[in-house]
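Let's work through a few exercises together. Have the viewer open, try each task yourself, and then follow the solution step by step.

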Protein chains: 2
Amino acid sequence: MEVVAEEKQDNRTTLETLIHQNDRPKLDVFMENLSTVDLARAFSRLDKEDRTRLLEIIGYEKSAGLISKISDVGGPNIVEQIPHVQAVSIIEEMRSDRQADVLQKLKEDNAESILQDMGAVRARQIRQLMRYPENTAGGLMITDFLSYTGKQQVKDVLDDFQRHSEKYSDFDVQYVYVVSDTGKLLGVLRLRDLLLSPKDRLISEIMIKKLLKVDVDASFQELRDFFRQYSFLGVPVTDKEGKLVGIVRSALVREAANKRNNQMFLKFAGIVGGEEFRTMSLFKRSSRRLSWLSINIVLNIIAASVIALYQDTLERAIVLAVFLPIISDMSGCSGNQAVAVSIRELTLGLVRPREIWRVLSKESAIGIVNGIALGCLLGGAALLWKGNPYLGLVVGVSLAANTLVAVSFGGLVPLILRGLHTDPALASGPLLTTITDMCGFFFVLSFASFLLPKLSG
Amino acid sequence: MEVVAEEKQDNRTTLETLIHQNDRPKLDVFMENLSTVDLARAFSRLDKEDRTRLLEIIGYEKSAGLISKISDVGGPNIVEQIPHVQAVSIIEEMRSDRQADVLQKLKEDNAESILQDMGAVRARQIRQLMRYPENTAGGLMITDFLSYTGKQQVKDVLDDFQRHSEKYSDFDVQYVYVVSDTGKLLGVLRLRDLLLSPKDRLISEIMIKKLLKVDVDASFQELRDFFRQYSFLGVPVTDKEGKLVGIVRSALVREAANKRNNQMFLKFAGIVGGEEFRTMSLFKRSSRRLSWLSINIVLNIIAASVIALYQDTLERAIVLAVFLPIISDMSGCSGNQAVAVSIRELTLGLVRPREIWRVLSKESAIGIVNGIALGCLLGGAALLWKGNPYLGLVVGVSLAANTLVAVSFGGLVPLILRGLHTDPALASGPLLTTITDMCGFFFVLSFASFLLPKLSG
């Protein structure tokens, strides 16, 4: 334990020392030699002042690079903690899609005040980008691309490359796009063809005309599907009039898919918003978690009220109190397996929200098989413990029946929620456990009431 | 509901009709016009015979493409269900990394019998690939790459391109690699430089010498980090002697990260193996789920035995039976939030398995805040319901204390499991709930025993 703790301490301490020495060359070398993750970890553990000073020392451009690099591990968080002027200058150095991405994660008034102090043209572009829903082609596209009209010649394009080589070096140039005078997308030009063609050819003659593009409203699923089908590095995005408005890079779609999966995972575990880093403030972390928990506790109380209705039965067969939490917990587990498989198949597009019957038939089969198996296990354990076959029967049959309910309902809940255009990851679990708890308590206690003379005997 | 059901029916029915008509041209057109997901869905819902016939009709090459395409949505499953000879021929048409990938997912003897009937050279290559652990550079690399010795001239390389253009067109050529006579990696050549250099230059003169590469044993985390740092499309992989053995493509690393996240999600919900599709057999699905559930039920019974120890207390304050499942469930929820955040930070490398104290201090703070909040809620509800302040005190304080235990322990469990080189996703939940159930029941019932005269009054 000691070794690792010391080593981590070292990266951070080294950073602190270099910051206090104001030693830019050494800082640059040190930071370049750290892996992204080590850098993110060391940086996020600096105190606020040191962070601000570090960004000052390395300058706006490198700061932008640093924050972009660690953007999926808490970067935007950091922007909120540095002085306004510095934040503006750093964000101005980022690529357009990153800018929108970072600003979208800030509190609305923070983002607005940064936008107001940026160049008007840039701010307008970013606002435009921010208006597109996050996971559509519009929300994922970059607007830094190279386009020329078809009337230009190969040499015009090459000359333009030369003239703006510095500016373009920041771009991620894989293709060049050919547009009409009104900005309509006409074709795509591969760099290779540009290099191998005579300089006086019109680019409209060497471009690929049969071009693939996506609509600015294209959903995330469509983009994912597009890049599954075609192994391109990027796809041009057009608006309703066919005008070229941006490029979606395949790498970004993959990253976004990854991010969505992670958010799904955290939401499924009850983290509202799908993102939490331990570098966030205690208040933000605990209040977000609490918002989900407090809905849960209300649902829990409602479910448990079923037990209160059967207080007489319980009083006369107190041993049942041992089995109530087991039935509640096991049904939750069985149901959540089905929830997860449904969420996964929905995400992949392998099942549609309305294919209720397909899912119900598939899951109820598992519910019956596993219900019988678990019922036998719990019933057997009860029988062994108390030697009362009626107790075994009551808890065994109740668990079996409730497993069937839980697995079937668990498979359906995500489909129903998605059908209602709600995110299934966050809400499926609480809905499921409420229903399965109520059913489970009802099964055990009503069945027990019926056999009460045999149980309390 | 009707519309969608019909439409889905249609894709599948159309496929079936075309299969029975043996109409290859129409089949080709129809399948090309379906999106990957629609195709996967329609295909996986065909019965076994129709699937086999479809693959026969479209031929080995197209079949290989189809199965590669749907490999992340159940492709390998399908290979196991088609006749042996057909499976061999289809797999022979795949790219080397896909071959190893698909074979690794089959049952061992199935994979072995397919390998035995493949070309000897290819089979050796694949066996070699299958030997590397799944998520290392060796396990992810492709072995179809172009390499030349430094003594060759630009024109030799271009001639070779011409001669083998058909073979190479299947390759994913982005760079060409320069090696020594013994196969040692010396440099990388960009296609651009090859096209723009005089034909009689030695390629060793125009290659990039300061090259980045990864070791064949490089972990997934290192690869992820590499591509976070450098936006390359691929990185060469070398063995211990510095020999070039393969290429890892950045797209594949991203896909693998995605797959790992998905598996993590499903494991977290109790799906052993991290993968389940509803096209799998009922037996496979229910037995996998059951294997995890049956460990859970044993742990549950152990935890609930704490209640049995306090049967006297319960008998005299039966109202507590209503609160036991609530406390068990809520502590599980609070704890699982912490589990998920820890798993996520471990995956990102933002926390190390041995940083116990950091996690403990961060999580216990949340545990205290949220414990007090939830305790007040539940205690208040109890007070309102029964009008007994002591009851409110017992359940409120118990839930508060147990939330602290659950959140702290939940944060730590994944670190401990990872430290023991165990996968935290599958085991954290059951471990957590066992401990929190035992503690929770103990808190409520021992506290209640202490205040029993006030409760049963």
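A salt bridge here is a side-chain nitrogen of Lys or Arg within 4 Å of a carboxyl oxygen of Asp or Glu. Keep in mind that this is a predicted model.

**Exercise 1. Count the salt bridges over all chains, then work out what the pair A:Glu112 and A:Arg127 ties together.**

Step 1. Apply the rule over all chains, and the count comes to 39 salt bridges.

Step 2. Pick out A:Glu112 and A:Arg127: their closest N and O atoms are 2.6 Å apart, and the pair forms a salt bridge.

Step 3. Now place the two residues. A:Glu112 sits in helix H8 (residues 108–116) of chain A, while A:Arg127 sits in helix H9 (residues 120–131) of chain A, so the salt bridge ties together parts that are 15 residues apart in sequence.

**Exercise 2. Describe the contact between chain B and chain A: how many residues take part, and what area is buried?**

Step 1. Start with the residues: chain B gives 109 to the contact and chain A gives 110.

Step 2. Next comes the area. Between them the two chains bury about 10,300 Å², and 62% of that is on carbon and sulfur atoms.

Step 3. Ask which three residues supply more than any other three of the area that chain B buries against chain A. They are B:Phe265, B:Arg278 and B:Arg352, and they supply 9% of it.

**Exercise 3. Stay at the interface of chain B and chain A, and look for salt bridges and polar contacts.**

Step 1. The salt-bridge rule finds 16 across this interface. For a closer look, go to B:Glu363 and A:Arg289, which form a salt bridge with their closest N and O atoms 3.0 Å apart.

Step 2. For polar contacts, the rule gives 34 residue pairs across the interface, both residues being at pLDDT 80 or more.

Step 3. Which helix of chain B gives the largest share of the side that touches chain A? Go to helix H19 (residues 320–348) of chain B, which contributes 19 residues.

Step 4. Finally, sort the residues on that side of chain B by kind: you get 57 nonpolar, 22 polar and 30 charged.

**Exercise 4. Trace the open sheet of chain B that has the order S1-S2-S3.**

Step 1. This sheet has 3 strands and mixed pairing. At its edges are strand S1 (147–149) and strand S3 (185–190) of chain B, each pairing on one side only. From one strand to the next, the twist averages 30 degrees.

Step 2. Take the parallel part. S1(B) runs parallel to strand S2 (residues 175–179) of chain B, and 3 bridges join them. B:Tyr148 stands opposite B:Val178 in S2(B).

Step 3. Take the antiparallel part. Here 5 bridges join S2(B) to S3(B), with B:Tyr175 having B:Arg190 in S3(B) as its bridge partner.

Step 4. Look at the turn. S2(B) and S3(B) form a hairpin with 5 residues between them, and B:Gly183 in the turn has a positive phi of about 95 degrees.

**Exercise 5. Work out why one side of strand S4 and one side of strand S6 of chain A lack a neighbour in the sheet, and find the helix that packs on it.**

Step 1. Read the order: 3 strands make an open sheet, S4-S5-S6 of chain A, with mixed pairing.

Step 2. Strand S4 (214–215) and strand S6 (244–249) of chain A are at the edges with a single partner strand each, so one side of each has no neighbour in the sheet.

Step 3. Follow the antiparallel pair: strand S5 (residues 234–238) of chain A and S6(A) share 5 bridges. A:Val237 stands opposite A:Gly246 in S6(A).

Step 4. The helix is H16 (residues 250–268) of chain A, which touches S5 and S6 of chain A, its direction making about 60 degrees with that of S6(A).

**Exercise 6. Find where A:Asn22 and B:His421 are located, and look up the phi of each.**

Step 1. A:Asn22 is in the loop between helix H1 (2–21) and helix H2 (24–33) of chain A. Its phi is near 60 degrees, a positive value in a residue other than glycine.

Step 2. B:His421 is in the loop between helix H21 (389–419) and helix H22 (424–450) of chain B. B:His421 is not a glycine, yet has a positive phi of about 60 degrees.

Definitions and conventions. Residues are numbered from 1 along each chain as its sequence is written. Chains are lettered from A and ligands numbered from 1 in the order in which they are written. This is a predicted model: local features need pLDDT of at least 70, side-chain atom pairs count only at pLDDT 80 or more; totals for chains, interfaces and linings use all residues. Side-chain values use heavy atoms; hydrogens and water are left out. Contact means heavy atoms within 4.5 Å. Buried area is the accessible area (1.4 Å probe) that two parts lose on being put together, summed over both. A polar contact is a pair of N or O atoms within 3.5 Å; within protein, one must be able to donate a hydrogen and the other to accept it, and residues adjacent in sequence count only if both atoms are side-chain atoms. Helices (H or I, at least four residues) and strands (E, at least two) are DSSP runs, numbered from the N terminus. Ala, Val, Leu, Ile, Met, Phe, Trp, Tyr, Cys and Pro count as nonpolar, Asp, Glu, Lys and Arg as charged, and the others, Gly among them, as polar. Two strands pair if DSSP finds at least two bridges between them. Axes are lines fitted to C-alpha atoms, for helices over the stretch in contact, and angles run from 0 to 180 degrees between N-to-C directions.
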